[in-house]
Amino acid sequence: MAGSPEQFRGQSRLPRFAAPLRYDLVLRPDLAACTFSGSGSAAVAVSAPTRFLVLNAAELAVDRSSIRFQDWAPTEVAQFEEDEILVLGFGRELPLGEGVLSMDFTGTLNDQMRGFYRSKYEYNGEARNMAVTQFEAADARRCFPCWDEPAFKAKFKITLEVPAELVALSNMPVVKETVCGPLKTVYYEESPLMSTYLVAIVVGLFDYIESSTLEGTKVRVYTQVGKTSQGKFALDVGVKSLDLFKDYFATPYPLPKLDMIAIPDFAAGAMENYGLVTYRESALLYDEQLSSASNKQQVAITVAHELAHQWFGNLVTMEWWTHLWLNEGFASWVSYLAVESIFPEWNNWTQFLDETTSGLRLDALAESHPIEVDVNHASEIDAIFDSISYDKGASVIRMLQSYLGAERFQKALASYIKKYAYSNAKTEDLWAVLEEETGEPVKDLMTTWTKQQGYPVIYAKLNGQDLELEQAQFLSDGSSGPGMWIVPMTACCGSYDLNKKFLLKGKTDTMHIKDFAATQSGQNFWIKLNIDQTGFYRVKYDDELAAGLENAIKAKKLSLMDMIGIVEDSYALSVACKQTLTSLLRLLNAYRHESDYTILSHVTSVCLSVNKISTDANPDLSSDIKKLLIKLLLLAAKRVGWDPKDGESHLDVMLRSLLLIALVKLGHEETINEGIRRFHIFLEDRKTPLLPPDNRKAAYLAVMRTVSTSNRAGYDVLLKIYKETSEAQEKSRILGV
Ligand code: BES
Ligand code: ZN
């Protein structure tokens, strides 16, 4: 017989000679014993001569005697745990065309929060188990043998056998339910073509609330029994996001229903399973009384992100994990688009710079990696769900959108979704569509950003009427790397109405500012590059340009985003020893009178980093620097105080929490003492208006500062609150201090 099962070991991908078309799966979870059994059959298309079928399986006991392809039992069955594959050898070559493979198997409902797992919850004061799946990136193979790669799309018909009193959910709606004694069998509709990592099952006790989109898609939020009121906010955001994405992608939501469900034990923040999105409780539930403004924002962003995946990721899926960033970067970017439109008062696009900031910070390390990254083994995939795929990914998409223009970009995306619906795409497939629709050199431009790690800093120098530009790869250790990019440059001079846009293609370029700066002079002269920080790069201005920008900041001539970009770049350049700490501190001082949350969130984060660096480097100097930083934040902190004001904005509520936390961290005595005082009142009365959820973290941090080896009282009392509360957000607030 030709070949042996061994030949399939050590490969990064499954062979393509056979591919699944349709799975028919029956799963029987036993919630008491924490095991499950299953019977699966798959219609398989054999496209090239072979006597083998090779699929994925891990931590499953496959009943060898049950395996059949058509009528044939395999002559060889090899399960290689290291490779997570199951190889079936048959005594003859398989006929080309369609055949049916079937087998039975058993497994454990593990407590690793991956594959098919068990989560604990409480019902009427009693501990219970629920059964949940988490298959991304490569863990469907822990639930049933399958071709567990995103490009092997197939239809799924799922059947569950579960205790009759439980709620049993899957991707598709129920078609039929039969009860037999204590068990019921639930049959689900067949799904459209989809990848294995998006298959989902949840079995447990839940309540739900329901609403529907303009098109009539039923949307539900499932919570623990009695907690549905905490699901209302997510339901509302969910329905609005679906309506919005349907328009944005010019494609209807692809499934008949959408369920969103809160799971007590959950590894990620949320998972976009097709039609059954699972969430950590803190990322889905919102309670007017118990949640903070920042919890609220996180819920909105998470819901919008997961629902964006229903198109970008689920309907059109990356061909392989190398293109994971297409999923995650894109969903992150477009979640801001949705939230901006639902809550315009949150100034969400300005907050997007948080993503760009963390992408820029990570990607300035020599140890970073390109957005498109080689993946050879399933165990390597989890590591790329990082700030590069998400934050840099989202940021380069924003850069491209801004270069191409919002309308052209949207139109091209809609064609991309149409072209690759129910199928898979690679990064260059997206570039090709964008290029075709816009006539711009998208591929050349974007390849420099996705196939190459890092990003440039643009040195800008004024030479008479010329602005000289030079790019070099920015690294936070102060060295500079070999990278070169095609950089979408934008510049404005003295006013946002006077602006230019061009591509910096080589190492250097010169911009003539004569025409466009003619009217500017003296105090009013300033040039801002990278308008609104849409580009994924930093700018280092020469002294003259930097002074002009400092004046513009003080005179409030700049947009919020530009104010943020200038302070972030300046901080990064100081860390890399490209400018002095003094010049950073002087710049920070220009922000003293600021009172906007979005700006101050970056200013405080820079202040805290400077504090940390100076404390580590020189404890003597650091107390002076601390005083200076405290003084910087105090004006705004005094304005917002500790007590919420009637009718104040969402962002002011966030600002209060931000500043109180920063002042406590910087060791501001007055704030610390007030935090401790309010904490004691809170201990007596957990509903006191003197310590609303938004301010608690600051108070908890203040309390933790009193803890030492000889005095654990503060720690013990926080631990007690942690144990007493059933609110996931409160728990993570305490864990975070
Ligand atoms: N697809 C991911 C969930 C995921 C992450 C699965 C890592 C497997 C490994 C999901 O869409 C996601 O990105 N979730 C984010 C939340 C989002 C708001 C950025 C998360 O879990 O933090
Ligand atoms: Zn995601």
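Reader: What makes Cys 146 count as buried in this predicted model?
Author: Cys 146 has 0% relative accessibility. Buried means under 20%, so Cys 146 counts as buried.

Reader: How do you know that the sulfur of Cys 146 is too far from the closest cysteine sulfur for a bond?
Author: The closest cysteine sulfur, in Cys 143, is 8.4 Å away. A disulfide needs the two sulfur atoms within 2.5 Å, so this pair is too far apart for a bond.

Reader: Why is Cys 492 not in a disulfide with Cys 493?
Author: The sulfur of Cys 493 is the closest cysteine sulfur to that of Cys 492, but at 7.8 Å the distance is too far for a bond. Cys 492 is also buried, at 0% relative accessibility. The count of disulfides comes to 0.

Reader: Why is the contact of Glu 648 with Arg 656 called a salt bridge?
Author: Their closest N and O atoms are 2.9 Å apart. The cut-off is 4 Å, so the pair qualifies as a salt bridge.

Reader: Which term, buried or partly exposed, fits Glu 648, and which fits Arg 656?
Author: Glu 648, with a relative accessible area of 22%, is partly exposed. Arg 656 has 1% and is buried.

Reader: What makes Glu 730 and Arg 696 a salt bridge, and which parts does the pair tie together?
Author: The N to O distance is 3.6 Å, and the limit is 4 Å, so the pair counts as a salt bridge. Glu 730 lies in helix H21 and Arg 696 in helix H19, so the pair ties together parts 34 residues apart in sequence. Both residues are buried.

Definitions and conventions: Residues are numbered from 1 along each chain as its sequence is written. Chains are lettered from A and ligands numbered from 1 in the order in which they are written. This is a predicted model: local features need pLDDT of at least 70, side-chain atom pairs count only at pLDDT 80 or more; totals for chains, interfaces and linings use all residues. Side-chain values use heavy atoms; hydrogens and water are left out. Buried means under 20% relative accessible area, exposed over 50%, partly exposed in between (1.4 Å probe, protein chains only). A salt bridge is a side-chain nitrogen of Lys or Arg within 4 Å of a carboxyl oxygen of Asp or Glu. Helices (H or I, at least four residues) and strands (E, at least two) are DSSP runs, numbered from the N terminus.
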